[in-house]
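The following exercises concern aromatic pairs and a chain interface. Please examine the sequence and the structure before reading the solutions.

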Amino acid sequence: MDRARFDNELAELLADPAAPDREARIAALAACCDEHPGGRELVALLARSPERRDPQPDPGPEYWATFDARVTERVRAAERVHGRRSALAIASVAAAIGLAVGLWMFAPGTGPADDAVVAGREVREPVVAVPGPALPDALISALDAAEPADPVAVDLVAGLDEDWLDPVAGLDAPADDGAPELELDEGWMFPETYGLDAAGRGALLEWIREQEARLRGGRV
Amino acid sequence: MEPVVAKPRGPAPDAELLRRFRSGEAAAFDEIVRTHRRTVYHVARRVLGRHEDADEAAQLTFVKAWRALGRFRGDSSIRTWLVRIALNVSRSMWSARREQVGLEDLQELPDAGEGSEGRLGRRQDRRRIRQAVTRLPPRQREVVLLKVFSEMTYAEVAEVLQLSEGTVKAHLHQAVSNLRRRLAETVD
């Protein structure tokens, strides 16, 4: 039996424990082992029943008794981290929208027009065609210049860039990724932007100024 | 002796489990874990060797499965899907360990032994075969672990490895040739 046929027979018999004429074929291989170094161990492997080819020890009933509970615990931990990250992602998107709305409302010459003013003047352009005002250059520059090491910036990115959608890839289960927990300052959320009275508008303006100052330089 | 890869024994069919899981029934996931935990553990154990590593890989596999189960379309069985995740997790852990401790240390995998009827020669043979399997290219190694040692069908191995059955067969034939050559090199 030449080497290629010897190897083919080995592979076929290893793959198929119910191959026809199995015993005779194994005997034929065994008779050729001396011609094909390394074949003896594999033929011996063939001769064993599949479950004895590479027996694995079972960890035992005590191990299995706690296994499910440990899985449940880790799933819950992963769920908590997922919840925090989702909430953070939603909050950061809401904050960005709120900031843009606030700037649009209070920028000179923009914002929703007063009914009395609208009644007294001709509408020159359809409302839907009016683009919103651009963010102030200073704010854009400050956002662009936000350092990657800024823990808020880094954590916001991390919150949106997780392997949640590809659970099969990688090992970094959220509970185990070692990433620092995000700690937000007290009152980091902006005030409610709808139905504001004069005092509320003042507070919102003040908050926007604080955020601008914070992005330009030191954190407030 | 524990079955090499435990076949599901009388659980609810996959589609039924998926339906219950998607409707928010936590017990459905518990049933999946109970049914497939041994399969997942033993696949990881075959790749990683040590119980501690296999335990960690099995736990991680189910955490990942829980996250992804809602989007699992059921194109394959839950069992082969879980084996695929377990293999990926184990592969990553294997790579990380190889970087840490080196290939030589990894070859000293624990031998399950055969109890009182174990014979030294047979154990040595098994150890040499296991070391030779460890040195195979990754795909060939995985085909041997799943097809020869874990008794999966060609179709199941193809599903787990996302290959065609023909490719799996080709990998197995190459693996056997390589194994024989490597064993020949290490004849005492």
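Three exercises follow, each with a worked solution, and the model they refer to is predicted.

**Exercise 1. Aromatic pairs between the chains**

Task: Classify the ring pair of Trp64(A) and Tyr41(B), and then the pair of Phe67(A) and Phe62(B).

Solution:
1. Over all chains, the structure holds eight aromatic pairs.
2. In one of them, Trp64(A) and Tyr41(B) have ring centres 5.6 Å apart and planes at 80°. Because planes over 60 degrees apart count as edge-to-face, this pair is edge-to-face.
3. The pair crosses between chains: Trp64(A) belongs to helix 4 (residues 61–106) of chain A, and Tyr41(B) to helix 2 (residues 26–48) of chain B.
4. Trp64(A) has a relative accessible area of 4% and is therefore buried; Tyr41(B), at 0%, is also buried.
5. The rings of Phe67(A) and Phe62(B) also pair edge-to-face, with 6.0 Å between centres and 80° between planes. This pair runs from helix 4 of chain A to helix 3 (residues 51–68) of chain B.
6. Phe67(A) is buried at 0% relative accessible area, and Phe62(B) is buried at 0% as well.
7. Together with Tyr63(A), the residues Trp64(A), Phe67(A), Tyr41(B) and Phe62(B) form one aromatic cluster.

**Exercise 2. Charges over a ring**

Task: Determine which residues place a charge over the ring of Tyr154(B).

Solution:
1. Lys147(B) has its charged end over the ring, 4.9 Å from the centre.
2. Lys169(B) lies over the face of Tyr154(B), at 5.1 Å from the ring centre.

**Exercise 3. The interface of chain B with chain A**

Task: Describe the extent of the interface, its polar links and the helices of chain B that supply it.

Solution:
1. In the contact count, 54 residues of chain B meet 52 residues of chain A.
2. About 5100 Å² is buried between the two chains, and carbon and sulfur atoms give 59% of this area. On the side of chain B, the residues losing the most area to chain A are Gln59(B), Arg67(B) and Arg180(B), together 15% of what that side buries.
3. There are six salt bridges between chain B and chain A. One of the salt bridges joins the side chains of Glu56(B) and Arg74(A) at 3.0 Å, N to O.
4. Between the chains, 14 residue pairs are in polar contact, both residues at pLDDT 80 or more.
5. Several helices of chain B each supply at least two residues of the side touching chain A, including helix 6 (120–134), helix 7 (138–149) and helix 9 (165–185). Helix 3 of chain B gives the largest share of that side, 12 residues.

Notes:
Residues are numbered from 1 along each chain as its sequence is written. Chains are lettered from A and ligands numbered from 1 in the order in which they are written. This is a predicted model: local features need pLDDT of at least 70, side-chain atom pairs count only at pLDDT 80 or more; totals for chains, interfaces and linings use all residues. Side-chain values use heavy atoms; hydrogens and water are left out. Rings of Phe, Tyr and Trp (its six-membered ring) pair if their centres lie within 6.5 Å; planes under 30 degrees apart count as stacked, over 60 as edge-to-face and the rest as tilted. Helices (H or I, at least four residues) and strands (E, at least two) are DSSP runs, numbered from the N terminus. Buried means under 20% relative accessible area, exposed over 50%, partly exposed in between (1.4 Å probe, protein chains only). A charge sits over a ring if NZ of Lys or CZ of Arg is within 6 Å of the ring centre and within 35 degrees of the ring normal. Contact means heavy atoms within 4.5 Å. Buried area is the accessible area (1.4 Å probe) that two parts lose on being put together, summed over both. A salt bridge is a side-chain nitrogen of Lys or Arg within 4 Å of a carboxyl oxygen of Asp or Glu. A polar contact is a pair of N or O atoms within 3.5 Å; within protein, one must be able to donate a hydrogen and the other to accept it, and residues adjacent in sequence count only if both atoms are side-chain atoms.
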